[in-house]
Amino acid sequence: MVATVKRLLLLLASMPAALPFKLTRRQIARGAAIAWTPFCVVKVVKALQSGGPTSPYGLAKRRTIFSAVAKEGLKVLELGVGENKNADLYPKRTSLVGLDARTPARPARQSSQLESYEFVLGAAEKLPFDDASFDAVVSTLCLCSVDDVEATILEVARVLKKNGRYGFVEHVAAEDGTLLDVQQRVLDPLQQRVANNCHLHRPIDRALLGATKKSGGPFTEVLEFEEYLDDDMWPVSKQVAGVLVR
Ligand SMILES: C[S@@+](CC[C@H](N)C(=O)[O-])C[C@H]1O[C@@H](n2cnc3c(N)ncnc32)[C@H](O)[C@@H]1O
């Protein structure tokens, strides 16, 4: 249905001369905007309901946290923790420290999985923790918003113990030349303004894959790395999930 509407609009826009009646460009643009509105409303509603436990993003978070925090009773740092929405995904008796640059608007989610939960106000680029103080670090949809991705990755490595794991699920820039690439580039300035510095078109995947010793970074190994699309989360549909080992 959406594809048909798209095709009709493209046809309409490309062949104004062939129509049996005269339309100005402005009228065509207005018509297209009106026809497009229900599609946009459906997209926004879907996006608001997205990220559920069985969505590609939800499943990627479950898999990643399961792999990064592989045992019960570990000390874990979550970056950009927000309202602690991932609380239930941690193994039993996890001592979780949640760091965020802003105090969340709503109270943090509590979970019986957690031994303890401590919220710390601070910047991911300059973590207020000692070297080698965590067994694992997790971030979900956080690197899009920090001021400096590379500095954040270095800080993650610094606070991890030897063999500690960094699990991430992040949205990244779409492949060059795709429709999503164009959409992200157009919407990016607006997104940064309305969504607290969230960058739609960041090559976060490159920064993460470049963080191993082989590429001059601090991590010894990429344990897991997957790319996937979660269409319901448009325009942040292109995502990566994985685990780096310190
Ligand atoms: C899109 S929200 C994701 C929240 C949560 N991780 C989740 O998955 O629901 C991004 C979070 O990163 C936080 N953030 C942005 N820049 C940050 C920084 N430099 N240091 C720490 N947290 C930051 C924001 O305040 C926000 O809570």
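**A tour from the ligand to the sheet**

Start with the ligand and select the shell of residues around it. By class, this shell holds eight nonpolar, five polar and four charged residues. Keep in mind that the model is predicted.

**Stop 1: the ligand shell.** In total, 17 residues surround the ligand. Label the closest ones: Gly-80, Asp-100, Ala-124, Glu-125 and Thr-140.

Now go through three of the contacts. Select Asp-100 and show its side chain. One of its polar side-chain atoms lies 2.5 Å from an oxygen atom of the ligand. Move to Gly-80 and show the backbone. Here a polar backbone atom is 2.7 Å from a nitrogen atom of the ligand. Then pick Ala-124, again with the backbone on display. A backbone N or O atom of Ala-124 sits 2.9 Å from a ligand nitrogen atom. How much of the ligand's accessible area does the protein cover? Of the 590 Å² that the ligand has on its own, 80% is covered.

**Stop 2: the sheet.** Switch to a cartoon view. Look for an open sheet of seven strands. Trace the strands in the order 3-2-1-4-5-7-6; the pairing is mixed. Which strands form the edges? They are strand 3 (114-121) and strand 6 (221-229), each pairing on one side only. Follow the twist across the sheet: from one strand to the next, it averages 15 degrees.

**Stop 3: strands 1 and 2.** Select residues 75-79, which are strand 1, and residues 94-100, which are strand 2. These two strands run parallel and pair over five bridges. For one example, click Leu-77: its bridge partner in strand 2 is Val-97.

**Stop 4: helix 4.** Add residues 149-159 to the view. This is helix 4, which packs on the sheet. Helix 4 touches strand 1, strand 4 (134-140) and strand 5 (160-171). Its direction makes about 145 degrees with that of strand 5.

**Stop 5: two loops.** Between strand 4 and helix 4, find Leu-141 in the loop. Leu-141 is not a glycine, yet its phi is positive, at about 50 degrees.

Finish in the loop between strand 6 and strand 7 (238-245), where Pro-235 is found. Is the peptide bond from Trp-234 to Pro-235 cis or trans? The bond is cis, with omega near 5 degrees.

Technical notes:
Residues numbered from 1 in each chain as written. Predicted model: local features only at pLDDT ≥ 70, side-chain atom pairs only at ≥ 80, totals over all residues. Heavy atoms only, no water. Near = heavy atom within 4 Å. Polar contact = N/O pair within 3.5 Å; in protein donor to acceptor, adjacent residues only side chain to side chain. Areas by Shrake-Rupley, 256 points an atom, 1.4 Å probe, with all protein chains shown as cover. Nonpolar A, V, L, I, M, F, W, Y, C, P; charged D, E, K, R; others polar. Pairing = 2+ DSSP bridges. Helix = DSSP H or I, 4+ residues; strand = E, 2+ residues; numbered from the N terminus. Axes fitted to C-alpha atoms, helices over the stretch in contact; angles between N-to-C directions. Contact = heavy atoms within 4.5 Å.
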